[in-house]
Amino acid sequence: MYTVDITNIFILIFIFGTVFSFLLHHFLAFLNYTSRKKLSRQPVTELLPELFKYPAAQAFDTEKLGKITCYKNALYHSWIPSSIVSVTVTLALALTGFYPWIFDLTLNLTGNPRNFTSTYSAFFLFYVFAGLPGFFITLPFNLYTEFKIEKKFEFSNMTFSLWLKDLCKSQIISLVVSALLLIPVTAVLIFFPHNWWILVSVILFVFILAAQIVYPLVIAPLFNKFSPLEDGELKEAITALMEKTGFKASGVYVMDASKRSGHSNAYFTGFGKSKRIVLFDTLIQQLTTEELTAVLAHELGHYARHHILKRFLLTAPVEFVLMYCLFRLANLPLLYEGFGFYQIQIMGLQSMEFIGLFLAMILFEAVQEIISPLVNFGSRRDEYQADFFAVNLTGTSEHLINALIKLNSENLSDLMPSKIYAFWNYSHPTLLERIRHLQKNG
């Protein structure tokens with residue numbers, strides 16, 4: 001009943017893009033795996049002499065290097081079956097007529113979409129039902145990673161009850177946010193059928209900006225406790241740093257990250273009056289005041305160099321172009337026919353473009369891998385600029401370098417990943433690249 005045309009050009013693009021991305025990821029991951037094995041067999045002090053000029057590098061002893069190798073190999077070996085199952089399910093859902101079957105199921109529940117209410121209901125239920133297979137296949141792999149690998153390497157402090165609570169909260173939030181976002185999107189699809197791509201783009205941009213305000217104030221506290229940083233040397237150093245740069249924030253907060261994980265991080269979040277600095281409690285335990293200040297100086301560099309604004313101005317026209325392409329695809333009967341949505345032709349396309357938008361998006365996801373290196377290249381460039389800003393602000397590169405070394409060590413990150421793997425996948429330069437750039441230009 002739900003026949004997919006495997007000779008259809010869009011189905012061929014989907015299959016090729018999905019399989020190509022799968023093979024590319026496995027090829028790059030294998031190169032990184034072999035690079036890691038090679039490093040573990042060589043004296044790291046001879047291989048990376050510039051690294052051991054810094055006191056923090058003493059953490060990279062034989063035991064630590066072995067632990068990094070074992071941890072990353074465990075993640076790699078668990079990722080292999082996960083990715084195989086994922087790509088198999090992705091192809092199966094699209095090629096067996098699962099999506100038109102789900103569409104018929106939603107129509108039986110909501111009736112034919114002839115007005116806003118029925119169209120919205122059909123759109124939302126289709127979105128939920130279409131995402132269920134992916135949700136359920138990732139659960140066992142997420143459980144294995146959290147309670148087998150992360151526990152083994154002393155990162156995870158999760159209990160099963162806490163993990164389950166987090167899962168339920170995140171899914172409820174996802175459903176609520178999606179339900180709210182789909183209201184204006186559905187209205188635009190119905191009432192502005194000839195130029196919805198412009199308005200949907202605007203809606204998404206407004207939503208992203210609103211999320212910057214809502215997330216730190218409403219969503220993040222549902223998962224973690226945020227306490228104001230206590231008075232003392234660290235707070236004084238951070239306050240002085242903000243005054244020096246003119247950066248204004250609603251406060252500096254410590255997040256109880258250790259309740260769930262031993263991994264460490266720091267970040268700025270929010271927009272306008274909701275803007276705040278967040279430090280993981282694990283990070284405070286791992287770094288000295290000077291090192292932590294250098295890390296925050298790096299983050300301040302992103303604001304000072306207007307990286308967020310520049311990225312927004314750069315991506316905005318790209319998003320409009322992309323949405324226009326999705327709009328054009330959503331108006332092609334050939335797209336619906338290829339994925340087995342023959343019933344769309346009977347009902348007419350105008351009220352059904354949310355299906356076309358969905359199909360266009362999964363088609364784009366299958367081929368978006370080709371732009372990944374370009375996006376990551378721009379991100380790595382910004383990281384170098386933020387590093388140099390931090391050095392100029394603090395007057396030395398030593399504290400930042402020691403902090404980067406400690407973070408690499410404590411989080412068991414690859415010390416020397418494959419160059420092509422890092423080029424394709426890393427949004428940040430590798431540890432060695434950042435140190436060399438800081439030594440040369442810092």
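Residues are termed buried when their relative accessible area is under 20%, exposed when it is over 50%, and partly exposed in between. The structure described here is a predicted model. On this scale Y426, with a relative accessible area of 24%, is partly exposed. The rings of Y421 and Y426 have centres 6.0 Å apart and planes at 80°, so the two form an edge-to-face pair.

In total, 30 aromatic pairs were found in the model. One of these joins F268 and Y303 in a tilted arrangement, with 5.6 Å from centre to centre and 40° between the planes. Because F268 belongs to strand 3 (residues 266-269) and Y303 to helix 10 (residues 289-304), this pair ties together parts that are 35 residues apart in sequence. F268 is buried, at a relative accessible area of 12%, whereas Y303 is partly exposed, at 24%. Ring pairs also link F98, Y99, W101, F103, F126, F341 and F358 into a cluster.

Helix 4 spans residues 98-110 and has 13 residues. The distance from its first C-alpha to its last is 18 Å, close to the 18 Å expected at 1.5 Å a residue. Buried residues in helix 4 include F98, Y99 and F103, three residues that also take part in the aromatic cluster. Also buried in this helix are P100, I102, D104, T106 and L107. Helix 4 is followed by G111, which has a positive phi near 85°.

Charged groups were also located over aromatic rings. The charged end of R276 sits over the ring of Y253, at 4.1 Å from the ring centre. For K169, the charged end sits over the ring of F223, at 5.9 Å from the centre.

A search of the whole structure yielded 8 salt bridges. Among them, the side chains of D414 and R36 meet at an N to O distance of 3.0 Å. D414 lies in the loop between helix 16 (398-410) and helix 17 (419-425), while R36 lies in helix 1, so the salt bridge ties together parts that are 378 residues apart in sequence. Both partners are buried: D414 has a relative accessibility of 9%, and R36 has a relative accessible area of 6%.

A further salt bridge joins E291 and K406, with the closest N and O atoms 2.9 Å apart. Since E291 is located in helix 10 and K406 in helix 16, the contact ties together parts that are 115 residues apart in sequence. E291 counts as buried at 7% relative accessibility, whereas K406 is partly exposed at 23%. D231 and K235 likewise form a salt bridge, their closest N and O atoms being 3.2 Å apart. In that pair, D231 is exposed, with a relative accessible area of 69%, and K235 is partly exposed, at 30%. In addition, R311, R381 and D382 are linked in a network of salt bridges.

On the surface, F191, F192, I198, L199, V202 and V206 make a nonpolar patch of about 510 Å². Helix 7 (residues 196-219) contributes the largest share of this patch, with 4 residues, and V206 is located in that helix.

Towards the start of the chain, D5 lies in the segment before helix 1 (9-40). D5 is partly exposed, with a relative accessible area of 29%. The C-alpha atoms of D5 and P373 are separated by 32 Å, the two residues being 368 residues apart along the chain.

Note on methods:
Residues numbered from 1 in each chain as written. Predicted model: local features only at pLDDT ≥ 70, side-chain atom pairs only at ≥ 80, totals over all residues. Heavy atoms only, no water. Phe/Tyr/Trp six-rings, centres within 6.5 Å; stacked < 30°, edge-to-face > 60°. Helix = DSSP H or I, 4+ residues; strand = E, 2+ residues; numbered from the N terminus. Buried < 20%, exposed > 50% of the residue type's maximum accessible area, 1.4 Å probe, protein only. Lys NZ or Arg CZ within 6 Å of the ring centre and 35° of its normal. Patch = residues over 30% accessible without salt bridge, like charges linked within 9 Å, V, L, I, M, F, W, Y side chains within 5 Å. Areas by Shrake-Rupley, 256 points an atom, 1.4 Å probe, with all protein chains shown as cover. Salt bridge = Lys/Arg side-chain N within 4 Å of Asp/Glu carboxyl O. Expected span 1.5 Å × (residues − 1).
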